Amino acid sequence: MDARRAAILGTIGVDRFVARTPLLAAGAAPATATDRLDWDGLAAAVAGCTRCGLAATRTQTVFGVGDRGARWLVVGEAPGAEEDRQGEPFVGRAGRLLNSMLRAVGLAREQVFIANVLKCRPPGNRDPLPEEVRCCLPYLHRQIALIDPALILCVGRIAAQNLLGVDTPLGQLRGRSHELKPFGTPVVVTYHPAYLLRSPGEKRKSWADLKLAMEVARGRGA
Ligand code: URA
């Protein structure tokens, strides 16, 4: 401490001055800390999150549900009204169809982990804003790292584009397995169950996606 600052501080009784090291360097993504959280720490961080404006409008956060050692991770877009009320993803009509899709591949809802790109409901169910995704994606990335699933089944365009970091149309993302960097996890993309409720004629294509997902998961021993 220089002599002038010491003299000034001395007049108010401060004889020792240690500059604080900022917790986060300016411009550093808060993900740095998220990357090291265990399940309890991650759940607490999500529950108390104020990284974006959705904190002000949510009823509660929706962390995700299921087996933390699951071989399949299902990733959706964001909680809707019912999910915001109950604190659990995919609990409405779309959720019941998702459960049926999982049963079709021999899995109970409890055997997979289900999470969303956003942990809070966008008001009026609007699409997530890029800033909201930027703030929230580190939570999903940490969930992926902790679960280390054999396969990620991504439901819907918004979830797929944000998870894979592309703006490719859904039709071109379906029908093949993508590698999620830096995890190396295969991602298979299919229609969002809410879309399938509106367009039941597309269920046949969704079944083709699910068969591909099963094949990819089996190739990874799941
Ligand atoms: N749609 C989603 O993408 N996620 C949910 O949790 C519910 C509906």
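The following questions and answers introduce a predicted model of a protein with a bound ligand.

User: How many helices and strands does the secondary structure of the protein come to?

Analyst: This is a predicted model, and the protein in it has 222 residues. Its secondary structure comes to 10 helices and 6 strands.

User: What percentage of the residues in the protein is buried?

Analyst: A residue counts as buried when its relative accessible area is under 20%. Of the 222 residues in the protein, the share that is buried is 45%.

User: What share of the accessible area that the protein exposes do carbon and sulfur atoms supply?

Analyst: The area that the protein exposes is about 11,600 Å². Carbon and sulfur atoms supply a share of 51%.

User: What percentage of the contacts with a separation of 6 or more is accounted for by residues 24 or more positions apart?

Analyst: The contacts considered here are those in the protein with a separation of 6 or more. Among these contacts, residues 24 or more positions apart account for 71%.

User: Which residues surround the ligand?

Analyst: Polar backbone atoms of the protein approach the ligand at several places, and one of them belongs to E77, 2.8 Å from an oxygen atom of the ligand. A polar backbone atom of F90 is 3.0 Å from an oxygen atom of the ligand, and a backbone N or O atom of A78 lies 3.0 Å from a nitrogen atom of the ligand. The residues around the ligand are G76, E77, A78, E83, P89, F90, N116 and H192.

User: How much of the accessible area that the ligand has on its own does the protein cover?

Analyst: The polar backbone contacts of the ligand include one with E77 at 2.8 Å. On its own, the ligand has 240 Å² of accessible area. The part of this area that the protein covers is 91%.

User: How are the rings of W39 and F63 arranged, stacked or edge-to-face?

Analyst: A search of the whole structure finds 3 aromatic pairs. In the pair of W39 and F63, the ring centres are 6.0 Å apart and the planes stand at 75 degrees. An angle over 60 degrees is the criterion for this class, and the arrangement of W39 and F63 is therefore edge-to-face.

User: How many residues apart in sequence are the parts that the pair of W39 and F63 ties together?

Analyst: W39 lies in helix α3 (residues 39–47), whereas F63 lies in the loop between α3 and β1 (65–66). Both residues are buried, W39 with a relative accessible area of 14% and F63 with one of 12%. The pair ties together parts whose separation in sequence is 24 residues.

User: Which residue joins W39 and F63 in one aromatic cluster?

Analyst: W39 and F63 form an aromatic pair with centres 6.0 Å apart. R68 is in contact with W39 and F63, among other residues. The cluster that holds W39 and F63 also includes F113.

User: What is the C-alpha separation of R68 and I147?

Analyst: R68 is found in the loop between β1 and β2 (72–76) and is partly exposed, with a relative accessible area of 38%. Its contacts beyond four places in sequence include L146 and I147. R68 and I147 are 79 residues apart along the chain, and their C-alpha atoms are separated by 5.6 Å.

User: Is R174 buried or exposed?

Analyst: R174 is placed in the loop between α8 (170–173) and β5 (177–180). Outside its neighbours within four places in sequence, R174 is in contact with V189, Y191, K205 and D209. Its relative accessibility is 16%, which is under the 20% cut-off, so R174 counts as buried.

User: Which residues does P128 touch, not counting those up to four places away in sequence?

Analyst: P128 lies in the loop between β3 (113–116) and α6 (130–147). It is buried, with a relative accessible area of 13%. The residues that P128 touches are E77, L118, V133 and I158.

User: How many disulfides does a search of the whole structure find?

Analyst: Two cysteine sulfur atoms must lie within 2.5 Å to count as a disulfide. For C52, the nearest cysteine sulfur is that of C135, 5.4 Å away, and C52 is in no disulfide. The number of disulfides found in the whole structure is 0.

Note on methods: Residues numbered from 1 in each chain as written. Predicted model: local features only at pLDDT ≥ 70, side-chain atom pairs only at ≥ 80, totals over all residues. Heavy atoms only, no water. Helix = DSSP H or I, 4+ residues; strand = E, 2+ residues; numbered from the N terminus. Buried < 20%, exposed > 50% of the residue type's maximum accessible area, 1.4 Å probe, protein only. Contact = heavy atoms within 4.5 Å. Phe/Tyr/Trp six-rings, centres within 6.5 Å; stacked < 30°, edge-to-face > 60°. Near = heavy atom within 4 Å. Polar contact = N/O pair within 3.5 Å; in protein donor to acceptor, adjacent residues only side chain to side chain. Areas by Shrake-Rupley, 256 points an atom, 1.4 Å probe, with all protein chains shown as cover.
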